[in-house]
Each structure stands twice: as C-alpha cells, then as structure tokens.
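Work through the exercises below with the model open. Each task is followed by its solution.

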Amino acid sequence: MTDLSPQLLLYIGTAAGLFAIGLYGFIVGPQTLRRILALNIIGAGIFMLMVVLAYRGLADGAADPVLQALILTGLVVAVSATAFALALLARLKQARPGQYRPEQEPGP
Amino acid sequence: MIDSTGQLSTLSMVLSSLLLMVGLFFFIAGSIGMLRFPDSFSRLHAVTKADSLGLGSIVAGLMFYGELWQNLLLLLIWLLVLASGSVSCQLLARFAKTQQDKT
Amino acid sequence: MSLLLFDATLCLLLLVLALASILSRQLVHGVILYIAFGLMMALAWARLATPDLALAEAAIGAGLTGALCFSALARQQLHLPVVLSWPQRLWPAVFVLLMLGGVLAALLQLPPTASPLVDVAQAELINSGVSHPVTAVLLNFRSWDTLLELVVLLLALLGALQVAPAAKATTSWPLSLSWSRLLAPMVILLAGYLLWAGASQPGGAFQAGALLAAGAVVLRLNHQLNWLRWSNFWIRLLIVSGVSAFVLAALLAMLLTTDNTDVIWLRWPPQLAGGFILLVELFATLAIALTLTLLVVGEPAAAEQAQQNSGGEAHD
C-alpha cells in the first residue's frame, strides 16, 4: 500500500480515524440517538476506506466501479436502517418514558 | 477574458484574486461573528449577510476563469444559495423569536 | 501541493466535526454538527473523484439523515447534558486507540494490486447498454444487489410504519411554503436530468430518487402533497413497483432471451439492455423517492388525516 499517493494515504488515515471516533461514540455515547449518529460515522469511515481501496493498483484517475456501486447501495441501506432505528427509538420512548428519566429534563 | 494563448491577462488575474480575497474576508468575518456575537439574531445577521456577500464575491472572482455557460451556472448557484439563505435565516429568526417570547 | 493542503484541511475538519458531534454536551449540537459532517463528506467524495457518491451523500447523508435526526429530536424531550466520569471516558478511549493502531497496521499491509473485477467490468461495458461503469455495475452486472436493496428499503419502510408513533403536527410559515413551491419544479427538473444522465455520466436512480425525496420532504413538512401517504392506494402501488417492475423486467428478459442455454436470472439481452435499465431505473427512482419521503415524514395521525381528507375534497 505504500505506493499510494500522499492524498490517498491521507484519506486512509481519515477513514480509520472516523471509524475509531464512531466506535468511541458508540461505546461511550449516553443517549441512544447519539449512538445512532456514531454508527453513521463508522459507516462514513468504512465507505471512505472503500473508495480509497477502489483506487488501489489502478492508473491515475480510474476507480473500481464495482466498489463505487457497492458504496452507493450502502448509502441508501444505511439511511433506511437509520430511519428504522429512529422509529424504534421513538416507540421505545413512548412506551416506557419512566425508563429514561436520567436523560430527560422534567419538562415544562 | 481569456486571450488567445489561453492565459488570463494580468489585469483580470489581479481583479479575480482581489474578488476572491474579499469573499474570503467576508466568510471569515461571518464565522467570527457567529462565534462571538451574544444572541441568535445578531449571529444570524453576521452569518447570512457575510455569506451571501462573500459567496457573491467568490463567484464573481471565479467567473474570470469560466466559459459563458459555466458562468451562468455559477450565477444560478449564487442566486439559489442567496434565496435559500435568506429564507432559512428568516425561519430561524422566527423560531428564535417564539422561543424568546415563551421564556 | 496546494490541493494536498486542501485535502489535509478537509480531513482535519471531518475528524474534528465527527469528534465534536460525538462529544458535544447537548444532543441538538451533536445533530447539527453531524449534518455539517455529512456536507463535508460530500466534499470529500468530490475530491476523491467519485461524483456519484458526492451527489448521493449530499442528498442522503446531509439532507435526509439530518431531517430524520431532527424529527427524532422533536419527538423526544430535551436532554440534560450527561457528565461521564473519567474512567468511563478513559477505558473506551484506550480500547479504541488500540483498535485504531491495529486497523492502520492492517491497512498499510494490503497488497497494492487492483481487483480483477475492474478489467472484467471494463471489458463487458459495451454489452451493458450504458456507458457509465457505475450504472452498468448497479443495474446490469450486480443487479441482484440493487434488487435486494430495494427490498431492504421496502422492509425498512414497512417496519417504520408499524412501530413509529404518529408524526407530530407542525406549523408552516408562508415564506417557507412559497420558497419550497418555487423550488419544486427545479427539483423535478434536476432529478429527471440526473436519471437520464446516469446512462453516460455520474447520476442515476439513487441520486435522482434521493433528490426528489428531499424536495418532497420539504413540501410535505409545509403541509403540501397531502395525497403522499401510505394510506393512498396509488402511493403504495408506486412504492411496491420499484421491486415488482424489477422482477417483471427480469422475467421479460428471460422470455426474450432466444438462446436457451443462455438464460440467467437478472441478465438483460445485450441489444435491449439500455431500454430495460431505463425502465427499471424509472420505477426505482419513484419508489426510492416515495419510500425515503415516507421514512422521514412518517404517517400523520388518523384524526389529522381525516381532516386533511375533508379539506382536500373541499379544495377539489
């Protein structure tokens, strides 16, 4: 991998960094919504890594179309999974409001 | 603006750089305003005013490099951002006002 | 060199925005920073010369996910900032840093050879019916993925409609209403262009569908397009048509393949491939747009619906 251009090496570092940040948020994040955001950040890091891998071993300017198509599919699946997770979250809050007292303000 | 050798003339280069610098200045001023101003309304004022003017100067500066067709597209982008910026500023200001009235 | 500087700034900004959106005290700030992060990701895709992804990310990552998270925030009550103790922060950080080191070490050892699929895809491009390789992969070489993705979208929508509580009624202001009305024709024009352009250049069903969905969400939040909801039969039909048109097209392609030894599921006959792909993409665009819209805005409560029904009839 060391024959990659400095630009791609930079993006590999960023992708790994995003993955790590998302993982940290997923472990630590006290609120469920924040965990969902963290999952999305992990996804962004992985998609970025896949784009960099699409440039591996090819001439300048060409990228692997198979990986790009997979990422495009992944983006849409990620947003539908997020929407489903948020719907579940909303239901959870509605069903058991007492469980989440520590996170919530008493309300007006 | 581009002469036969495909190079920008010195005058247009200077003008373009000047416009880009002005745009950059407004963006920086707007960002500092957003960070430093005390309440929502003055922050909105700083961001939207500075951004519409800054983007306008940057678009004008970039127009020295483009073809006519690209320039028209750039102009359209600027108008769209200008209009949606003003609309969202208006909406945010109204929201801030209702929140202020509540408390 | 200056472009590398730009890349470095962009990467730094991405990392800082991601970290800030994870660590911010208030959840609202986290969501706002995440939207900014999505926009910067779109810029990063553009810098990595993958405009297909930049288009999709700008509409989906920044636009729709942001709207989703905001509506989730509106459903919840305000959160008090949670203060975590030092060990609660430290041990995960140590674990994550170890993981990061391992991942980086593994990544730098990957062999620098290209995937063999690239050459295959390039060689088969002339038989695919389109000239843009990403569209060819999505709708011809790996159309199984796309079909199943449409199924996943449909399942997510069905699940969300089952569990989500009724959407909160919102108020709309005349200014945002007239601006969204002004934008609507432009969104439709752009989406149509993206769909058509997908055959030869970046663009295609996903980008067009996501863009249409973004426009429809804005109109829907302003109480327009009241017919756009799950209880409407035609909307349900269009949403299912994304998958069903795909399957029917595949059956038709099987029937049209004259050579009996050559019959493979989801394989278009080369001379008709362009037409098949356009047909499938058209329905997929509509299905994706409607599904994403309903995922974001949800289904209005029954009382509001009845009111809107009577209002709609009076208006007609």
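**Exercise 1.** Classify how H1(A) and H4(C) run relative to each other.

*Solution.* H1(A) and H4(C) are roughly antiparallel, because their angle falls in the class over 145 degrees. The model is predicted: local features need pLDDT of at least 70, side-chain atom pairs count only at pLDDT 80 or more, and totals for chains, interfaces and linings use all residues. Residues are numbered from 1 along each chain as its sequence is written, and chains are lettered from A in the order in which they are written.

Now the geometry. Helix H1 of chain A spans residues 6-28 and helix H4 of chain C spans residues 86-107 (helices are DSSP runs, H or I, of at least four residues, numbered from the N terminus). Their axes come within 9 Å and cross at roughly 150° (lines fitted to C-alpha atoms over the stretch in contact; angles run from 0 to 180 degrees between N-to-C directions). The crossing of H1(A) and H4(C) is right-handed (the near helix is turned clockwise from the far one by less than a right angle).

**Exercise 2.** Which residues of H1(A) and H4(C) meet?

*Solution.* Take contact as C-beta atoms, placed from the backbone, within 7 Å. H1(A) brings residues including A:Ile12, A:Phe19 and A:Tyr24. H4(C) answers with C:Arg89, C:Pro92 and C:Met99, among others. By class, this contact has 16 nonpolar, no polar and 1 charged residues (Ala, Val, Leu, Ile, Met, Phe, Trp, Tyr, Cys and Pro are nonpolar; Asp, Glu, Lys and Arg charged; the others, Gly among them, polar).

**Exercise 3.** How many residues does chain C give to its contact with chain A, and which helix gives the most?

*Solution.* Chain C gives 76 residues and chain A gives 66. H3(C) gives the most to the side of chain C, with 12 residues. That side divides into 55 nonpolar, 13 polar and 8 charged.

How values were computed. Helices (H or I, at least four residues) and strands (E, at least two) are DSSP runs, numbered from the N terminus. Angles under 35 degrees count as roughly parallel, over 145 as roughly antiparallel, 65 to 115 as roughly perpendicular and the rest as oblique. Two residues are in contact if their C-beta atoms, placed from the backbone, lie within 7 Å.
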